[in-house]
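Trainee: Could we go through this structure together? I would like to understand what the terms rest on.

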Amino acid sequence: MIVAQRKSIPDLLEIVKNHKKILVLGCGTCVTVCLAGGQREVSIIASALRMAAKLKAIPLEVEELTIERQCDNVFIEQAAEAIERNDAVLSFGCGAGVQAIAERYTSKPVYAGLDTAFIGILEERGVWAEKCAACGVCVLHQYGGICPVTRCAKHMLNGPCSSSREDRCEVNPARQCAWQLIYKRLKEIGQLDRLKEIKPPKNRSLGQDDGYRTIVREDHRI
Amino acid sequence: MKAFENGADGVLVAGCLEGGCRFVEGNLCAKRRVNYTKDLLEEIGMEKERLRMVNVSAAMARPLADIIIDMVETVRKLGPSPIKLNSSSRQENRK
């Protein structure tokens, strides 16, 4: 899922300072699961914004709504009336959701209430970790299901480097060395011979280095 | 948050004793969320002392009474909720 975290209340107030009526719009998908922008968080933040505005004597009306998915036109429609009656939208979707709303409702300012961080999973309660860099060419099959592009600080395809200590990464000892994990996993599944293959450099043009990416499925186009 | 938004001067959250929650760790989760809410109150610009969580059992009437008295005293010292004050002054201005 996409993992995000909210901006601070002073930052949010600064973002919406030129508006008198705003819609705090939550999203029921990824950001709900990572406890950043779902119905509950939207309710808390809307309350917080109303209170902060009152304390600073800023005239601000805050309406709240959470739709199933902000990155999908079908669901965005559900927010049309609420968006119409407000001056601006403070979206608590991920970066894709914010832009989808902005593209659909071109006459309204749409702002991001969250900082979208990464694609990851819930590792333990209250802890999310990045697992995928969306690099465009998945190599997980070669590394026992552990991604060196995302989880090795040096993004090494032919690792490990010479500086890991025990099973810790030299860049940040709080992190496990991805290559130690890869070795252990490949050993466990009987595929250690994969480490003998020298991997050629990755085609970075399929990643974000070449600008934003699109995928076209002709079989689904109308 | 809703209580504060509606003008509460203070909020006291009372949970069961740690280890004695019917929902196993529900009161521990509640404590962490109360702490988060205290930080949020501070971000907004309100005194976080207006919110407190305590752990008491049904057999602790006297300690609970003392806790409530102490909470009331804390809130009294802090004064009325600034949210309530700002709302009423705005209503006065409208009149």
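Mentor: Gladly! Two residues are in contact if their C-beta atoms, placed from the backbone, lie within 7 Å. By that rule, the contact takes 12 residues from chain A and 12 residues from chain B. This is a predicted model, where local features need pLDDT of at least 70, side-chain atom pairs count only at pLDDT 80 or more, and totals for chains, interfaces and linings use all residues. Residues are numbered from 1 along each chain as its sequence is written, while chains are lettered from A and ligands numbered from 1 in the order in which they are written.

Trainee: Which helices of chain B each supply at least two residues of the side that touches chain A?

Mentor: They are helix H1 (2-5), helix H2 (26-44) and helix H4 (82-94) of chain B. Helices (H or I, at least four residues) and strands (E, at least two) are DSSP runs, numbered from the N terminus. The largest share of that side, 4 residues, comes from H4(B).

Trainee: How do you know that the span of H2(B) agrees with what it should be?

Mentor: The expected span is 1.5 Å times one less than the number of residues. For the 19 residues of H2(B) that gives 27 Å, and the end C-alpha atoms are 27 Å apart, so the two agree.

Trainee: What makes a residue of H2(B) buried or exposed?

Mentor: We count other C-beta atoms within 10 Å of its own: 20 or more means buried, 12 or fewer exposed, and in between partly exposed, with C-beta atoms placed from the backbone. Asn27(B), Leu40(B), Leu41(B) and Ile44(B) are the buried residues of H2(B).

Trainee: Why are they said to line one face of the helix?

Mentor: The arc is that of the directions from the helix axis to the C-beta atoms. Down the axis of H2(B), the buried residues fall within an arc of 120°, so they line one face. The face turned away from them carries the exposed residues Tyr36(B), Asp39(B) and Glu42(B).

Trainee: What do the buried residues of H2(B) pack against?

Mentor: In chain A, helix H1 (9-15) and helix H3 (39-55); in chain B, strand E1 (11-15) and strand E2 (51-55).

Trainee: What makes E6(A) and E7(A) a pair of strands?

Mentor: Two strands pair if DSSP finds at least two bridges between them. Here 5 bridges join E6(A) to strand E7 (residues 127-132) of chain A, running antiparallel, so they pair. The two form a hairpin with 2 residues between them, and Gly126(A) in the turn has a positive phi of about 85°.
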